[in-house]
Structure formats: C-alpha cells, structure tokens
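Let's take a look around this protein together. We'll start with a spot on its surface and then move on to pockets and charged pairs.

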Amino acid sequence: MDSFPAYFPLAGRKVVIAGSGEPAEAKARLFEGSPATVVRLQAPEAFSPAAYEGAILVFVGDADEAFVQAAVKAARAAGALLNVVDRPALCDFNTPAIIDRGQVVAAVGTGGSAPVMATLLRNAIEAQLPEGMGRVAALLARLQDEVRRALPVLHERRAFLRAAVRGEAAQAALDGDMARAEALLREALAKGVTRAGGVQFLAATGPVDLLSLRAIRALGTADVAVIDPDADPEVVRLARRDVERLAPSEADADHLTALAREGRQVVWLRARPSAPALLEALRRAGVAVEALPVAQAD
C-alpha cells in the first residue's frame, strides 16, 4: 500500500480552495452538499498564510504558475495539508475518485499515478452501490447507541450488524421508508443474536482467484482467523484487517470449541490438510465443522 486512505470529518471544518478556472471549480464540486465551510481564495488574499489558518484541507488549482507557487508557499507556512492540481510533487495528499452515497462514501485512489484508471474503477463500483445506501448507514448511526447497549460483546454486535445490513430494515431504508426501517431494526434488536459458532477450514494455498464466493464471504465475516505460516499472502489479505488472529499453535480443539460455544465463527487458512484428530475432536464436542469450497463454480 503506497498511500494510506483516510476520511476527514467535514462538519464544522474549513476547506480552502485557492485559484480559478476549471482546476479550482472541479475541487469545489467535490464539496457540494457537504457540511464543510468552503473558502475560495484569489490573489492577493491567497498569498497570505493567515488565509489558510484552521483549514483541514487546502486545494490549489490555477493556470498561472506564479499564482500556484505563491499560494503553495503561503499554505505551507500555515501548516496546512495541501493538494496542488496536476503537480503531484507538491501534494501532501491525492484526491481519489469518489462515490458519494451520503453517509456511505467509497473512494478509489492510484496515488495520483493513474487518475483515468481510478475513474473507471469508480464507475464500476458505483454501479454496485444503490442510491439509498447512505440511508442504511444513517439508520445504523441513529440506533448505534441502542445496539451497543443491547449487544456489548463485540463479536455479537458485529454478527447482528452484518445480518442487519442484509435484512428487512436495510431494505426499508433503501426504499426510503425510514420509520419502518427503524421499527424493523429495533424489532430485530429485541430478538437478539442467535448466531451459532463453528470452524471453517479453507485450503489457502492459492491462487486467490480460485476462491469461491462462499470462501470470500467467510473470510470477510469471520470473528477469528487461524493462519498457517505458509498460507498464500493474497488469500490472507482477504481476511478483515481487524479480525482476531490466532497462531496455529494456539488453535487446539479445546480453544476452538470454546470460541464456537461463544457463538464465534472461526476460519482456518490451511496450507496443508487438517489433522484428522483435530476434526474428530471438534465433531465430538458438537462443533459445526465445514470445509469451504475453493474453486469457483463454472
């Protein structure tokens, strides 16, 4: 990862755009409808460091090179994070191709090296994100404290939320019926989480493009990942970065059984066949065991 993507909260924050013409206008359009205070600067105000004080982000875009250099000097004197249109060597950050769904924002970046590719990828992703996805996020944000109080255990809360974003409440939010969506989510929350734990084994020798959709989903939703040292790194990357990880030496039958009885789903990325004794011990303990399919169905 050559660039780290980060999201800056915009409510109550100041964004400065220095310059004129299409380069500056394109940056301004990024913030249409946002809660940020957008300040537009022209000469000579753009040449004063005081104009940039308190800005969370600064964009400089103009056809006049002398203007650009003077504005960059002033912004840097103010300690602002800076993006300069078409001048990557002067940038502290790059602007990605953005998919805006309100509270759901997706971005594709190439570190400024291939913006056309980023745009093409954005278009492909945008087609997969319904317009109402932001309403689903707003629904979850509205009930966030209630969900935390009802489900203080992290893995139970995550299991509930994963089901919620695919359930009736989410569909109601997508349809624009927020009152019904809220009622359905509270109804589901009252029922609690009944997720059964288990252990899934995945042959993780690669190549990654042979993984089945079921295997990919399991990697993305697992509570715990056991990873063999020789597992294909590309397969390992599909597991959530924040998933709890166990070394194979820690994953004996007793430990795996305890995790499953807590309702946790464990995925073991194997570089070699599973030990028959381990599988038998898990089955004797009543743990659901599954070998995940690898090859995609034709």
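## A walk around the model

Keep in mind that this is a predicted model. Our starting point is I98, which sits in strand β5. With a relative accessible area of 33%, I98 is partly exposed. It also helps make a nonpolar surface patch of about 340 Å², together with Y7, L30 and V105.

I98 turns up again at the largest pocket: along with N94, T95, P96 and A97, it lies nearest the centre, out of 50 lining residues. Elements giving two or more residues to that lining include α1 (22-29), β5 (97-101) and α3 (115-126). The pocket's volume is about 1,800 Å³, and its lining divides into 29 nonpolar, 12 polar and nine charged residues.

Now for the charges. Side chains of opposite charge can pair when their charged atoms come close. How many salt bridges does a search of the whole structure find? It finds 20. Here are some of them:

| Pair | N to O distance |
|---|---|
| D242 and R158 | 2.8 Å |
| D242 and R240 | 2.9 Å |
| D230 and R272 | 3.1 Å |

D242 is in the loop between α10 and β9, while R158 is in helix α6, so their bridge ties together parts 84 residues apart in sequence. D242 is partly exposed at 47% relative accessible area, and R158 is partly exposed too, at 24%. R240, on the other hand, is buried at 17%.

What about D230, buried or exposed? At 53% relative accessibility, D230 counts as exposed, whereas R272 is partly exposed at 43%.

Finally, R142, E146, E182 and R186 are linked in a network of salt bridges.

How values were computed
Residues numbered from 1 in each chain as written. Predicted model: local features only at pLDDT ≥ 70, side-chain atom pairs only at ≥ 80, totals over all residues. Heavy atoms only, no water. 1 Å grid on protein atoms, 1.4 Å probe; cavity = no way out; pocket = protein on both sides within 12 Å on 5 of 7 lines; lining within 4 Å. Points joined across faces, edges and corners; volume = space filled by probe spheres on them. Helix = DSSP H or I, 4+ residues; strand = E, 2+ residues; numbered from the N terminus. Nonpolar A, V, L, I, M, F, W, Y, C, P; charged D, E, K, R; others polar. Patch = residues over 30% accessible without salt bridge, like charges linked within 9 Å, V, L, I, M, F, W, Y side chains within 5 Å. Areas by Shrake-Rupley, 256 points an atom, 1.4 Å probe, with all protein chains shown as cover. Salt bridge = Lys/Arg side-chain N within 4 Å of Asp/Glu carboxyl O. Buried < 20%, exposed > 50% of the residue type's maximum accessible area, 1.4 Å probe, protein only.
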